[in-house]
Amino acid sequence: MPDLSVRIGSLTLKNPVLVASGTFGFGADYARLYDPSRLGGVVTKAITLEPRRGNPPPRLWETPCGLLNSIGLENPGVEAFLREELPRMRALGTAVVVNVWGETPEEYAELAQRLSVPGVDAIELNLSCPNVPGKGLIGSSPAGTARVVRLCRRATGLDLWAKLPPEGDVLAAARAAEGEGATAISAANTFRGLAIDIRTGRPVFANVTGGLSGPAIKPLALRLVYELSRAVRIPVIGIGGIAGWEDALEFIMAGAHAVQVGTGNFIDPLCAPKLVRGLEKFLAERGMESWEEVRGCAHRGGIPGAA
Ligand SMILES: Cc1cc2nc3c(=O)[nH]c(=O)nc-3n(C[C@H](O)[C@H](O)[C@H](O)COP(=O)(O)O)c2cc1C
């Protein structure tokens with residue numbers, strides 16, 4: 001059997017497939033459908049210092065091959081997460097990555113410090129939520145990114161994954177995160193999009209724009225990951241439109257160490273475990289023992305010996 005494991009900073013994941021923030025809750029619903037221990041890891045919904053109710057409905061809007069969302073960071077807050085959700089998540093049998101969002105760099109650091117407890121394997125800094133009025137894209141600025149990562153680095157010994165928006169100076173922001181001690185770059189969050197209800201002539205979302213995800217964004221995210229994997233030395237985790245194992249493989253060939261499945265979980269709740277199986281079969285059928293030959297091969301002229 002091939003060794004599917006990947007190393008991200010100080011963590012060894014059993015395979016490179018995680019589920020993305022905001023699309024898997026805290027795992028309980030999906031645990032009724034399959035055993036989450038088959039995954040490389042689970043990333044939580046964004047956690048904030050205080051509970052948040054999120055944006056008014058509608059919050060989801062389907063587009064051809066994509067999904068616009070304007071959830072607005074609904075979550076129970078860090079205290080309730082630690083008390084009620086984390087103990088259940090520890091029983092999932094896979095790595096637990098907590099996604100956090102702060103209004104200021106200091107809030108991110110406080111969250112990182114409070115979440116530095118047994119059972120949390122890494123912290124993903126959501127530097128890019130596009131769905132909060134007047135707030136959001138701190139990660140599109142290298143200086144903003146640097147400040148958040150610097151303060152969090154001082155606040156916790158846990159691995160820090162900097163999750164960037166796909167817009168702005170992403171390569172410079174990624175280098176800034178690396179320079180301040182981030183252990184991985186998660187790329188990327190949703191693209192800002194818009195839908196207008198033609199009966200009323202008004203944007204469908206109260207917050208006007210929403211974040212576009214799903215297969216529609218895959219080529220855009222893939223291009224970004226290809227460039228990022230050259231721009232930084234720390235691992236890049238590919239996110240965007242992954243709905244099948246072939247998509248995941250493209251991201252790994254572009255240079256990603258791991259991938260996250262987001263909207264793919266809504267298309268098929270079994271998407272993530274199917275992806276693990278597909279990747280395993282791919283390596284086994286080609287007699288490859290690990291990811292080394294495949295990861296980043298698009299930068300090196302492809303799979304050695306492939307016609
Ligand atoms: C309904 C929904 C909620 C999301 N909530 C979060 C969140 O809380 N924090 C975050 O960093 N990303 C959040 N995202 C972004 C996803 O984690 C992911 O980066 C994005 O959807 C692109 O991947 P995909 O095309 O596979 O969905 C959310 C996405 C969706 C669709």
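**A barrel and its ligand**

Modeller: Let me start at the ligand: one of its oxygen atoms is 2.7 Å from a polar backbone atom of S21. This is a predicted model, where local features need pLDDT of at least 70, side-chain atom pairs count only at pLDDT 80 or more, and totals for chains, interfaces and linings use all residues. Residues are numbered from 1 along each chain as its sequence is written, and side-chain values use heavy atoms, leaving out hydrogens and water.

Biologist: What makes the pair at S21 a polar contact?

Modeller: A polar contact is a pair of N or O atoms within 3.5 Å, and S21 has its polar backbone atom 2.7 Å from a ligand oxygen, so the pair qualifies. A polar backbone atom of A188 sits 3.0 Å from a ligand oxygen, and for T263 a polar side-chain atom lies 2.7 Å from one.

Biologist: How much of the ligand does the protein cover?

Modeller: The cover is 97% of the 600 Å² of accessible area that the ligand has on its own (Shrake-Rupley method, 1.4 Å probe).

Biologist: Which residues come nearest to the ligand?

Modeller: S21, K163, G214, G241 and T263, out of 22 around the ligand (near means a heavy atom within 4 Å).

Biologist: How do you know that β4 and β7 pair?

Modeller: Pairing takes at least two DSSP bridges, and three join β4 (residues 41-43) to β7 (residues 95-100), so these strands pair, running parallel. V43 stands opposite V97 in β7. Both strands belong to a closed barrel of eight, β3-β4-β7-β8-β9-β10-β15-β16, with parallel pairing (strands are DSSP E runs of at least two residues).

Technical notes:
Helices (H or I, at least four residues) and strands (E, at least two) are DSSP runs, numbered from the N terminus. A polar contact is a pair of N or O atoms within 3.5 Å; within protein, one must be able to donate a hydrogen and the other to accept it, and residues adjacent in sequence count only if both atoms are side-chain atoms.
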